[in-house]
Amino acid sequence: MNAQPTASLFINGKHVEGQGKELPVHYAYTGETIATLHEATTDQVAEACRAAKEAQPAWAAMAPVERGRILGRAAAIIMERNDELARLETLDTGKPIQETEVADWPSGAAALEYFAGLAATLTGQYIPLGADWAYTRREALGVCAGIGAWNYPSQIACWKAAPALIMGNTMVFKPSEETPLGALKLAEIFIEAGMPAGVFNVVQGRGEVGAALVTDPNVEKVSLTGSVPTGRKVYTAAAEGMRHVTMELGGKSPLIVFDDANLEDAVSAAILANFYSSGQICSNGTRVFLQEGIKGPFLERLAERVKAIKMGDPLDPDTNHGPIINPTQAAKIREAIASGQAAGARLVCGGPGEGAFIPPTVFADATDDMTIATDEIFGPVMTTLSFFDEEEAVRRANGTGFGLAAGVFTQDLTRAHRVVAGLEAGTCWINTYNLTPVEMPFGGVKNSGLGRENSAAAIEHYSQLKSVYVGMGGVDAPY
Ligand code: NDP
């Protein structure tokens, strides 16, 4: 299989070959090399940032509705080519085609469409001050650096580009070294949609290339999707230059199931919250808290349904569960499974699997201190824990440094809202899980990050306010 792009980088409207280290791209299912890219050198990162800096004033000066039209056209192109793009996403990530066709580029296109529509509505404020008055202008920040994780590479590129570009910023995006292909397609699609050269650029490389990007003197804002340790490093480096940041980091999110929950729906949600994308999702509800009365029937039904999950060739439309992104990540997940067993948690189904595949794995009778209940595994491993009452569930759900997401299943709506109000998480779901429509803000609290993606709230993180006081009379000086 061959997915070799025209060149590794995209700078100032052109394909450019990277002059840095080789970057092979493997198809996770077979391990074969499907493309060989090259990293950007520090000079090439600087060149991309300069191109973005030079393109920014003219892009920001364009009427917002014009910028919106370009993003809207890009969204339409993506949807026309969704089949082809989904296939590439599957090769890049190993995720089943039945997912990439509906969840990856379509969600990216939705973000472009949403912010395209919002463009013309973004205005400042008029502030009456008696005879005088003031107004605010919401202005672009300048060059934004986007750095992505490997689980939703194209969606992440679109989610970052859409609010940034609509506000008149320009962007240099670095995808994860594991999944470099989708962002290059996005850069080409933007040009095809009429975006000026230099507005959206792509550099490739490992962590050091990301680090060079974060500290480039032309960069005013850094938006990272990645793990908490990387987030700490990037936030610290960004702080040096007083840069704005958005941090979309990891989680160990709770999903609380009360006795009165609709059993079938709660089981469906727990499955989606742990096994979609082979569990490689930041907001997954990996700590499933089961109230004592529902625990038995829940685990029984869960085990039955998990057996029906079809693991295999990601390009087969019937496959539900694909391989893990790479052998290193698979080894980490296997270590986590072994640690759960060693700590005395009961393996309900699944296990270490073989090669690139780790089957959907469920632990029962876990305790809060086991590492399977404390650490982000980023794989198909669900840890279930039991609880007696609401106060206990909320307290234990909050007993983590993470705060990305949380869910609650109950038929008692008063309780649902009360519980959600008490949960320390940026995104919560009641009687569903992991739905992230572009209309709804998405992001974490505590160590899971800061800033919000999606919705009008994202605009605040890609713009700054200028206040303008307008004096309408004379200047009354006391001396
Ligand atoms: P990493 O934190 O390993 O990497 C994220 C990105 O940062 C990659 O592009 C990586 O490059 C780059 N990077 C690494 N070191 C540096 C550095 N010092 N300076 C700048 N950039 C750097 O995350 P993964 O790719 O492994 O993704 C999994 C993690 O992402 C999980 O923790 C998951 O929860 C989180 N995530 C969060 C989401 C959210 O929205 N909150 C959504 C999706 C994932 P490279 O990989 O090439 O080394």
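This report covers the ligand site and two unusual backbone angles in a predicted model.

## Basis

Residues are numbered from 1 along each chain as its sequence is written. In this predicted model, local features need pLDDT of at least 70, side-chain atom pairs count only at pLDDT 80 or more, and totals for chains, interfaces and linings use all residues, while side-chain values use heavy atoms and leave out hydrogens and water.

## Around the ligand

The shell around the ligand holds 29 residues (a residue is near if one of its heavy atoms lies within 4 Å). G148, S227, T230, L249 and E376 come nearest. By class, the shell has twelve nonpolar, eleven polar and six charged residues. Here Ala, Val, Leu, Ile, Met, Phe, Trp, Tyr, Cys and Pro count as nonpolar, Asp, Glu, Lys and Arg as charged, and the others, Gly among them, as polar.

Which side chains have an N or O atom 2.7 Å from an oxygen atom of the ligand? S227 does, and so does T230. For S176, the distance is 3.4 Å. Taken alone, the ligand exposes 900 Å², and the protein buries 87% of that (Shrake-Rupley method, 1.4 Å probe).

## Two positive phi angles

Most residues other than glycine have a negative phi. N12 has a positive phi of about 55°. M242 also has a positive phi, near 55°. Neither N12 nor M242 is a glycine.

Is each residue buried or exposed? N12 is partly exposed, at 36% relative accessible area. M242 is exposed, at 74%. The cut-offs are under 20% for buried, over 50% for exposed and in between for partly exposed (1.4 Å probe, protein chains only).

Terms used: Polar contact = N/O pair within 3.5 Å; in protein donor to acceptor, adjacent residues only side chain to side chain.
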